[in-house]
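Hello,

Here is the structure we talked about handing over. My notes on it follow below the display.

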Amino acid sequence: MIRALIAQARNSQLNRRALLAGAGAGATALALAACSTGGAQGKPKPAADTSAEDKTLNWANWAAYIDEDDSGAYPTLERFTEETGITVNYEVAVDDNNTYYGKVKDQLALGQDIGADTAVLTDWMIARWIRFGYAQKLNHDNIPNLANLNPALLEPDFDKGREYSVPWQGGFAGICWNTEAIPGGLESVEDLWNSDLKGRVGVLSEMRDTMGLIMLQNGVDIAGDWGDDDFTAGIDVLRKQVADGQVRNIKGNSYLEDLKSEDTLAAICWSGDITVINAEAGDKWQFAIPTAGGTLWNDNFLVPIGSPRKANAEALMNYYYEPEVAAEVAAWVNFITPVVGAKEAAAAIDPELAENQLIFPNAETLSTAHIFRSLDGAEEQKYQAEFQSILLGA
Amino acid sequence: MAFAAFQTAEAVPQAPKRHSRIALLLLLPGIAYLMLFFLAPLVSLLLTSLQAPREFGDIGQFDYAFNWQNYVTVVQSYLPHIMRSFGYALAATVLALLFSYPLAYFIGVKARRWPMLQALMLVLVIAPFFISFLLRTLAWKQILSDESFVITSLKALSLMAPDAHFTGTPFAVIFGLTYNFIPFMTLPLYTTLERLDLRYLEAGGDLYAGPFTVFRKVTVPLSMPGIVAGTLLTFIPAAGDYVNASRDFLGGTDTQMMGNVIEANFLVLLNYPAAAALSIILMAAILVLVGLYVKRAGTEDLL
């Protein structure tokens, strides 16, 4: 952006007075360009790839989402640099799909470099980027290890054949509870609405997980062809539980703070987190996939449209699809790895780890988890508006 | 800004004797700054607030239009949040004033004899700023959580119902707003009270006014600039605050303020025109309320 402005200023031979006179108008136009919402132009064009000369890579990822050693370095990433000569600038730049999108959307619409050559985002957000033409088409010749991808993840409805995105880690959404307060445990989403837990239940602000679990409890196949009535029935359940004060709060990642402070004793939560807080704050939480089924989501690599280092990003994806590397990451982050063979590689390091169903689920566990089907723009707008109206208490 | 205005308020305004080109030149950076970072975004915001959804467009796609109905729609949908914002902000401002006035009076008047104590107390008022207010608000959330010492003690003393809780309620949000904005109230009050001429109070007493009457008729009017500045510095940011009321901090689903609605519309619903319209309404409402208030308080030449 700034580089473009300087170039523009150089090209136009303005004298000082004209420049000053134009500054006001220019400032307005500039601000408008920067703040344009959506933009009237068509889909942006991918940037030219300069990976051959430029051996660097900017990677935007979530916090605690890669193996880290005690000094804060990333061992697998360091080995990647040794093997390929590509220096990776790893940035914990994503803390929420929506805020990250809010930050980069205008540059994406203009086809500019957003400062990340690959970003890791959740399925539904990836679907939006692909629909809007904000992701570059990957060259599978550069990612031979993609053959190790779990076949179940090869044909998602938003990216058939994984032309634009490659899974990084996945996880379940299910229910969890404080085993000291609820020794008997919970089995289904219905158990969360038990009057003993009034005011002590948390649910996630991620619509697809909270609504997914409630709709599964209502007997809806969330991966299949459900419609407005099924969603509204689910919304009614949530609205009632929130209005009755059964649900204490609706939160994103910070729901873990509520579990720790015991504001909530049971919650809808993400599988990997429970392993982490058990390690942090005493072994007293348990996670389960509800009897009616849980949701399964994935976070995926993609290459933003304005990135000039696509081949470097592909090299990174290829590297993380080596089973040994994937096992090392999975053992640290406690989420589900999409790489076939990682389980065997993990068994060589730690046999107990390889049996953990929340990291290396077998076919039986996977059959209880469902992927929330993709929504088109109109559905997304309608359903989010309903869901947000509960979050905003309107 | 406000502080400087009040310090020079009593001086006789002096008009510059001649217009100088250099003065204009010196003004230029300021004007450019305002154009670039205030006027241009404001124009952009106004244009966005009038956008209409693109025909057959995807989520978050809008075209420039003159769709003034956006304003009607957001007021219809979010009137409770608008009222709540101003209600909470008013409550927090009044509470902050009640807490800050005695504090500022003590520091500025009673502690005059001990400059060290005065300095120390001022540092204590300002000290919280050394820690991010996000962290401090999160800390309160922990301190006031259900199983915390404070809440369990209150319940043990039957001052709170056994199944009641504090975080996520309107009280928690108003508490957070009050706590976070108290320094903004205390400091301007201190600057006026510190210069309060005690001989006026003596004169009041000599004229047979009781302590309360002296306070009401002498101290309060003399500290009015501080009260006006403090209430404005508290009310304006409190009305637009979205941190304390956020569900991630002290709020819950039924304490959401305008800032939270704007955030949800902008980031999640991608309804940029609604978010922009709400921002404009918030700004306009604050401008009107503050204008009325300043006019009533009779200190319009101070602004």
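**Salt bridges and the rest**

B:E147 has a relative accessibility of 41%, so it counts as partly exposed. Please keep in mind that the model is a predicted one.

The partner of B:E147 in a salt bridge is A:R200, with 2.6 Å between the closest N and O atoms. This pair runs between chains: A:R200 sits in the loop between α6 (189–192) and β5 of chain A, and B:E147 in the loop between α5 (133–143) and α6 (149–156) of chain B. A:R200 counts as buried because its relative accessibility is 14%, under the 20% limit.

Two further salt bridges stay within chain A. One is formed by A:K260 and A:E280, whose closest N and O atoms are 2.9 Å apart. A:K260 belongs to helix α9 (residues 255–261) of chain A and A:E280 to helix α10 (residues 271–281) of chain A, so the pair ties together parts 20 residues apart in sequence. The relative accessible area of A:K260 is 28%, which makes it partly exposed, while A:E280, at 54% relative accessibility, counts as exposed. As for networks, salt bridges with shared partners connect A:R200, A:R248, A:D263, B:D146 and B:E147 into one.

The other is between A:K137 and A:E163, at 3.6 Å for the closest N and O atoms. Both residues are in the loop between α5 (123–132) and β4 of chain A, so this salt bridge ties together parts that are 26 residues apart in sequence. Both count as partly exposed: A:K137 has a relative accessible area of 46%, and A:E163 has 34% relative accessibility. Over all chains, the search of the whole structure gives 23 salt bridges.

The same kind of search for disulfides returns one over all chains. It joins A:C176 to A:C269, with an S to S distance of 2.3 Å. A:C176 is in strand β4 (residues 165–178) of chain A and A:C269 in strand β7 of chain A, so far along the chain that 93 residues separate them. Both cysteines, A:C176 and A:C269, are buried.

Strand β7 (residues 266–270) of chain A also pairs with β5(A), in the parallel sense and over two bridges. There, A:A266 is the bridge partner of A:V201. Strand β6 (residues 247–251) of chain A pairs with β5(A) in the parallel sense too, over four bridges, and A:V203 has A:I250 as its bridge partner in β6(A). Within strand β5 (residues 201–204) of chain A, A:V201 and A:V203 point one way and A:G202 and A:L204 the other, and all are buried.

Chain B has twelve helices and two strands. Its elements run α-α-β-β-α-α-α-α-α-α-α-α-α-α from the N terminus. The C-alpha atoms of chain B fill a box of roughly 80 × 75 × 35 Å along the principal axes. Of the 303 residues in chain B, 43% are buried. Chain B exposes about 17,100 Å², and carbon and sulfur atoms supply 72% of this area.

One residue of chain B to look at is B:Q118, in helix α4 (residues 115–126). B:Q118 counts as buried because its relative accessibility is 12%. A polar atom of the B:Q118 side chain lies 2.9 Å from the backbone oxygen of B:I107. Beyond neighbours within four places in sequence, B:Q118 is in contact with residues including B:G108, B:R112, B:Y190 and B:E194.

Regards

Key. Residues numbered from 1 in each chain as written. Chains lettered and ligands numbered in written order. Predicted model: local features only at pLDDT ≥ 70, side-chain atom pairs only at ≥ 80, totals over all residues. Heavy atoms only, no water. Buried < 20%, exposed > 50% of the residue type's maximum accessible area, 1.4 Å probe, protein only. Polar contact = N/O pair within 3.5 Å; in protein donor to acceptor, adjacent residues only side chain to side chain. Contact = heavy atoms within 4.5 Å. Pairing = 2+ DSSP bridges. Disulfide = S-S within 2.5 Å. Areas by Shrake-Rupley, 256 points an atom, 1.4 Å probe, with all protein chains shown as cover. Salt bridge = Lys/Arg side-chain N within 4 Å of Asp/Glu carboxyl O.
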